[in-house]
Amino acid sequence: EKPGGVREVYQFFKDRRQCYVRVAGVINLQEFLRKHASGTELVLHKNVCQALDREHRVVTGPVLRPHDEVADIILSTSAVQDALGREDIVGDEERARKLLREISADYGILTVRMMSFFVSKIFKRIYDGIHVEERGISRIRAASLKGPVVLIPTHKSHIDYLLLSYVFFMVDLSLPYTAAGENLNIPFFGPILRQCGAFFMRRVFGDDKLYKSLFAEYTKFLLNEGATVNFFIEGGRSRNGILRPPKTGLLSFVVDAFLKQQQDGAIPDIYFVPTYIGYDFVVEGESYTSELLGHRKSAESVSGVLQARRILKRKFGHVVIKFATPISLKEYINDKLKAKLGRTEPISSLPLSSTSATTSSSLHSSNSLSSVSSTISPSPTLTTSNSISSIPATSTTTFSSPSSSTSQNSALSTYMSSRDEMRKLIMSLAHRLVYEIYQITVAMPTDLVSTILLTHPTRGISKQDLMERVMWLRNEIMARGGQVSPMEDLEAVVNETVTVLAQLLKIPSNTTEELYRPKNKRRLQLSYYRNQIVHYFVSESIVSLSLCSLLTHNVKSTKSSLLDATLFLSRLLKMEFSFKSESSASDNFEQTLTRMFERSILQSTNDEITVVPQKGDTMVFFLCAMIWPVIDSYWVSALSLVYLLSHGGQWFSEEFLLQRMQTIAETLYHEGHLFYCEAVSMDTLKNTLNLLEGLNILERRVMTVEKKKEFQLSESYQDEKTLKDFIERIGSFRKEPIGSNSLELKALVGLD
């Protein structure tokens, strides 16, 4: 940290090619002298040193402390001491130190540089390019000068860990400390990841209060030290392309760390940076399909990593990384407090930084990816001088500190002491972060091509029609404020995309023109890419599907009846899609309906809402096709309840019910009663169980010993007519739904 003269000379010559010059924020000397009448030299010297130190820390990260010193700091905290003093905690300080060693990272710059060399070779071999938004890097650098940064990326692949660390290393930002599942702590590779900034966590903390307190305090320690922290709010990798519902465990640790440090100002603010990572083709695509079909996930192992070397034999297209505007936790809580207390001015216990307005305007994001992107060539000698020169200057060089106002601190304390209020705050923040990720999502060429192939009304599509439909879809996404990967040469992009997706497509040879169609066994894998852009259309898809349901059943499609159907469908699909949390469902409906009128998709005539002929028909079919597979999954889940009804109040394990649902789905698909094989997706079926429990249709219990979930049909639904009405209500939204009675329902689930 403070080398002598000889070491400084040695380090200069050793690292001379990695040196660069940065200019810190400007200090207005005239203004400074007005504010400080006495001791100006010392205060100015202190401010300059602080500014230089912050610039230094943005690149190098926090001071690396020996593990024993870190352990002493964490074990001395009141939370850990309290956990050690509990009678139900088995073990002592030695066990705590052992657990902490299992958790904590062991950053090593030599390992990082070696990994950078090898990872760059791998990326250069498997990817055609890694595109990173320069403006996003500038925003992160600016936020890092004011407080610790927490990255909230999408989680689609194990490559995510390597990509973010690689990008940060190449643009001279301190490597993030990444929360990784303990399943990745495997021999040989686990220690390497640990030395590259990974800290490991159990999937479930259970009743181990000591482990929980140690992990929470270690997270707080990293934030106190000013480290950049990275964790995946989805909890695990998305197997179906849709962002998983947010997990709030780690998020609650971060929020709690910030609130507890407000009295002494140790953490002036925390900046969340929602991050999107988009792949043309996901490396684990085949294994995801296998898991969605119900096969067990293969545990991470050394042999598995070695077998993964086969990916070096093929190309996986491009990667896009985008960073949203940093979200100030201080400002977010301040806004919530103002809304709760009915205030219009800032709450003084959480003062806003004097630079917040400047930062907000200078960090404004753009909808045009091509205007702010640069391509990172996977090379160990990468430099990004353009991104450095565009960093906005900050107008101050000191952090703001909390006010000592007793009344406002009391208001904050009272508000946050409620567990229910804290839970609402964290859940609201989690959904805000997910929403911001959706806002910066980039539609990749594979997303567009897969969507067209899966929603096309005929079996296959010609190359010319595919190109026209891809351009049409691109325009529709951009019209909705979405971002699309640049497509200057459309034919070249489509050709490249078809090559990347070659294993998933069938290209007939004996035809008059070049045709493409999905392989039946690969539709589920293709749906991964379609699902990555469904959020652009989900609100309109729900309204369209509701309208089609009314028209199919000869129900007058008034605004009131359409709202009723839309609300039912929105509640049904709330586990699948994230809706804008700031607006009510009825407000979202009004906004969506207005947009569909403006786009000439729907029209209102004689108090009835109908589809605009020709243009509206094509669009409505597309919108319905985007979510019909999900509806089929929920219909199958509802059908499986008939089996529970036939067995009275018997309890069934979660594993049995999911297998039963998949068996019913596969049977119906092969019999022709189910149109979409994607309905067998295990992730969607798991969501249906959670929904059915939330609707009080299923009751759940957790076995004491095995800790496994079991379900039974709730008493209110142990009635054939009630259950039949629920199944038929869902079935009414399906593509050409099957009319059913009690005998048909039993036949469908194999009870006859």
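**A serine–lysine contact and its surroundings**

In the predicted model, a polar atom of the side chain of serine 561 lies 2.8 Å from the backbone oxygen of lysine 556. Serine 561 belongs to helix H26, which covers residues 559-572, while lysine 556 is placed in the loop between H25 and H26. The two residues differ in their burial class. Serine 561 has a relative accessibility of 19% and therefore counts as buried, the limit being under 20%. Lysine 556, at 48% relative accessibility, counts as partly exposed. When neighbours within four places in sequence are set aside, the contacts of serine 561 are Leu550 and Lys556. On the same basis, lysine 556 is in contact with Ser561 and Glu608. Lysine 556 is also 9.9 Å from threonine 610, C-alpha to C-alpha, although 54 residues separate the two in sequence.

Helix H26 comprises 14 residues and spans 20 Å from its first C-alpha to its last, close to the 20 Å expected at 1.5 Å a residue. Its buried residues are Ser561, Leu562, Ala565, Thr566, Phe568, Leu569, Ser570 and Leu572. In an α-helix there are 3.6 residues a turn, so residues three or four places apart point the same way. The buried residues of H26 pack against helix H25 (538-552), helix H27 (585-598), helix H28 (615-646), helix H30 (682-694) and helix H31 (720-731), and also against strand S16 (608-611).

Helix H25 also holds glutamate 540. With a relative accessible area of 3%, glutamate 540 is buried. Beyond its neighbours within four places in sequence, glutamate 540 is in contact with Arg480, Thr592, Met596, Arg599, Ile601 and Leu623.

At the level of the whole protein chain, 32 helices and 19 strands are present. Of the 752 residues, 50% are buried. Among contacts between residues at least 6 apart in sequence, 76% join residues at least 24 apart. The chain exposes about 35,100 Å², of which carbon and sulfur atoms supply 51%.

Several strand pairings were examined. Strands of a sheet pair through backbone hydrogen bonds, either parallel or antiparallel. One open sheet consists of three strands in the order S11-S14-S13, with antiparallel pairing. Its edge strands are strand S11 (461-462) and strand S13 (505-506), each of which pairs on one side only. Two bridges link S11 with strand S14 (residues 515-518) in the antiparallel sense, and isoleucine 461 stands opposite tyrosine 516 in S14. Helix H21 (residues 445-455) packs on this sheet and touches S11, S13 and S14; the direction of H21 makes about 80° with that of S14.

A further open sheet of three strands follows the order S17-S19-S18, again with antiparallel pairing. Strand S17 (652-653) and strand S18 (698-702) stand at its edges; each has a single partner strand, so one side of each is left without a neighbour in the sheet. S18 is joined to strand S19 (residues 709-713) by five bridges in the antiparallel sense. Leucine 698 has leucine 713 in S19 as its bridge partner.

Parallel pairing occurs between strand S3 (residues 177-181) and S4, which are joined by four bridges. Within this pair, alanine 180 has phenylalanine 200 in S4 as its bridge partner. In a regular strand the side chains alternate between the two faces of the sheet. In strand S4 (residues 198-201), Ala198 and Phe200 point one way and Phe199 and Met201 the other way, and all are buried.

Strand S7 (residues 318-323) is likewise mostly covered, with five of its six residues buried. S7 pairs with strand S1 (residues 129-133) in the parallel sense over four bridges, and glycine 129 stands opposite histidine 318 in S7. S7 also pairs with strand S6 (residues 271-279), here in the antiparallel sense over five bridges. In that pairing, threonine 275 stands opposite phenylalanine 323.

Key: Residues numbered from 1 in each chain as written. Predicted model: local features only at pLDDT ≥ 70, side-chain atom pairs only at ≥ 80, totals over all residues. Heavy atoms only, no water. Buried < 20%, exposed > 50% of the residue type's maximum accessible area, 1.4 Å probe, protein only. Contact = heavy atoms within 4.5 Å. Areas by Shrake-Rupley, 256 points an atom, 1.4 Å probe, with all protein chains shown as cover. Polar contact = N/O pair within 3.5 Å; in protein donor to acceptor, adjacent residues only side chain to side chain. Expected span 1.5 Å × (residues − 1). Pairing = 2+ DSSP bridges. Axes fitted to C-alpha atoms, helices over the stretch in contact; angles between N-to-C directions.
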